[in-house]
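Me: I've got a chain here that I'd like to walk through with you, piece by piece. Can you take my questions one at a time?

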Amino acid sequence: MNAPLRPLAIRMHPDDNVAIIANDGGLPAGTVMPEGPAAGLILRDKVPQGHKVALTDIAAGQAVLRYNVPVGYAREAVAAGSWVHERLLDIPPARELQGLPMATQPAPAWAPLAGYTFEGYVNADGSVGTRNLLAITTTVQCVAGVVKIAVERIERELLPLYPNVDGVVGLEHGYGCGVAIDAPGAEIPIRTLRNISLNPNFGGEVMVVSLGCEKLQPSRLLPPGSFPIHDAREAEQGPDLVCLQDDEHVGFMSMIDDIVQRAQAHLQRLNARQRQTVPASALVVGVQCGGSDAFSGVTANPAVGHMADLIVRAGGTVMFSENTEVRDAVEQLTRRAANAQVAQDIVRELGWYDAYLDRGRADRTANTTPGNKAGGLSNIAEKAMGSIIKSGSGAIASVLAPGEKLRPDQKGLVFAATPASDFICGTLQLAAGMNLHVFTTGRGTPYGLQACPVIKVATRSDLARRWHDLMDFNAGQIADGTMTIEEAGQALFEMLLATASGKKTWAEQWQLHNALVLFNPAPIT
Ligand code: CA
């Protein structure tokens, strides 16, 4: 856990003309770099931690290479030893989506990884839960307050009677009415809500609370054939439904009583379930980063990438997402596609997203926050190179559009196309069927989800020390030189299996969770 005492610069590729400073607090001007790629270099400026230093003289207009990719072009001549900050760089244009290499890179020849298991809840559809939660689906925001109070009563009065049930989740959201529900794009929030109610951590139990007059009617949210059936009534009438505007509800308490009473049958079935030993191939892991810094792409994301390779080798599923954070690396993604169709699907999703941003008169450069820049990430091109490392080195086996659900046979590495917003990405990965979430952060975020454990990975030891009871794993050990990327990836993989088996994350211990946030590209009325 000790930060390097000797000045240390980390270069990602031998051809890079910049490296980043690893030391806590950065390094003062005049520092002589003792070893490594910058040996003998004298710093001309104070360089903050995570920021870039020029390893050679860089001419005006010349490419600044990190990961052997231009992350910008120098606006003026930059002398070796200078701090290369974002004001010195022009961002390269986005790669055209035509003429890309399509599925040209052979898949790595990996030996399968056998013998890893976890204790999970096997569902009727073959999916596996890592938690045993009762979810209450809602059709519209109008019912959220009522559902919140009903959930509190279920937790207080019923949960003690059903000790195998881990909790109750009210699936609150902002959609359902006041929206152009037939407009192009409206299918995204609708299928997202449908597929979240079918998440493996909810055990195939579907219970719906609706208002009655809303645009998103229960039969549209969960049409016949889209949900699991337990009895003849569900087969005939649809999923278990409490409609607040029904005549039978006289007064507020009758609504609450009705929801609480209906929950009992679901809780009984959930409570009868037991964890059982399943192979690691049942993992469906969503990876994401948020509050990134320049270490994200040096420590945490490479460790997560190695972990992703282990999951793929074990026959499991890893989803990576965040369209604007992969857009600048599109060429690497289409090259890694398992076949030409998958490469075309990647182009289709990123092209759709380009057009979506264009409609809002924005582009990918709207990504990167003040915190990203303070952490050393000059622009989205640099951020993207560090972001896609989370996906490891496997072949991309398939692509999901926003809100789509994985089919049982969709194993391996999956590009689930989503916006990069932490909450929207997490919500869409839940809809895709994620049963475990890995989240890397450099600046720090207390992010959590109620429906699924979130393992948070710190990029720097300083963050891991300060947020010792929020960060689950310290990938800063890689920059400190006390752990290799491979060791960190293996340790993360083993932490995933323990967490999938029931070990609580810090976010779960504190009951920290963020709201579900739907991606709705369609108009509001
Ligand atoms: Ca994110």
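Me: Which residues are buried in α15?
Reply: First, the ground rules: this is a predicted model, where local features need pLDDT of at least 70, side-chain atom pairs count only at pLDDT 80 or more, and totals for chains, interfaces and linings use all residues. Residues are numbered from 1 along each chain as its sequence is written, and side-chain values use heavy atoms, with hydrogens and water left out. Buried means under 20% relative accessible area, exposed over 50%, and partly exposed in between (1.4 Å probe, protein chains only); helices (H or I, at least four residues) and strands (E, at least two) are DSSP runs, numbered from the N terminus. On that basis the buried residues of α15 are A488, G489, L492, F493, M495, L496, L497, T499 and A500.

Me: What span should helix α15 have at 1.5 Å a residue?
Reply: The expected span of a helix is 1.5 Å times one less than its number of residues. Helix α15 has 16 residues, 485–500, and its end C-alpha atoms are 22 Å apart, which agrees with the expected 22 Å.

Me: And which residue with a positive phi follows α15?
Reply: Its phi is near 130°. The residue that comes after α15 is G502.

Me: Where does the calcium ion sit, and which residues coordinate it?
Reply: Donors are N, O and S atoms within 2.8 Å of the metal (3.2 Å for Na, K and Ca), and water is not among the atoms, so sites may look incomplete. The distances here run from 2.4 to 2.7 Å. Along the chain the donors are spaced as Q-C-x32-E-x97-A-x1-D. The ion sits among Q288 (OE1), C289 (O), E322 (OE), A420 (O) and D422 (OD).

Me: How many residues apart in sequence are the parts that E322 and A420 tie together?
Reply: E322 lies in the loop between β16 (317–320) and α7 (323–326), while A420 lies in the loop between β18 (412–416) and α12 (422–432). E322 is buried at 1% relative accessibility, and A420 is buried too, at 13%. The pair therefore ties together parts that are 98 residues apart.

Me: What is phi of E322?
Reply: Most residues other than glycine have a negative phi. E322 goes the other way, with a positive value near 70°.

Me: Which other residue that is not a glycine has a positive phi, in the loop between β7 and β8?
Reply: The loop leads from β7 to β8 (117–122). The residue has a phi of about 55° and counts as partly exposed at 25% relative accessibility. That's A103.

Me: With which side chains does the side chain of K390 make a polar contact?
Reply: A polar contact is a pair of N or O atoms within 3.5 Å; within protein, one must be able to donate a hydrogen and the other to accept it, and residues adjacent in sequence count only if both atoms are side-chain atoms. K390 is in the loop between α11 (380–387) and β17 (396–400), and at 2% relative accessibility it counts as buried. Contact means heavy atoms within 4.5 Å, and leaving aside neighbours within four places in sequence, K390 has contacts including the calcium donors Q288, C289 and E322. The polar partners are E322 at 3.1 Å and S387 at 3.0 Å.

Me: S391 lies in the loop between α11 and β17; which side chain does its own side chain make a polar contact with?
Reply: S391 is buried, with a relative accessible area of 1%. A polar atom of its side chain lies 2.6 Å from the backbone oxygen of I388. The side-chain partner, at 3.1 Å, is R336.

Me: Is β10 covered or exposed on its two faces?
Reply: In strand β10 (residues 133–138), 6 of 6 residues are buried. One side has L133, A135 and T137, and the other has L134, I136 and T138. Both faces are covered.

Me: Which residues does T137 face in β11 and β12?
Reply: Two strands pair if DSSP finds at least two bridges between them. β10 runs parallel to β11 (residues 167–171), with 5 bridges, and parallel to β12 (residues 207–210), with 3 bridges. The partners of T137 are L171 in β11 and V208 in β12.
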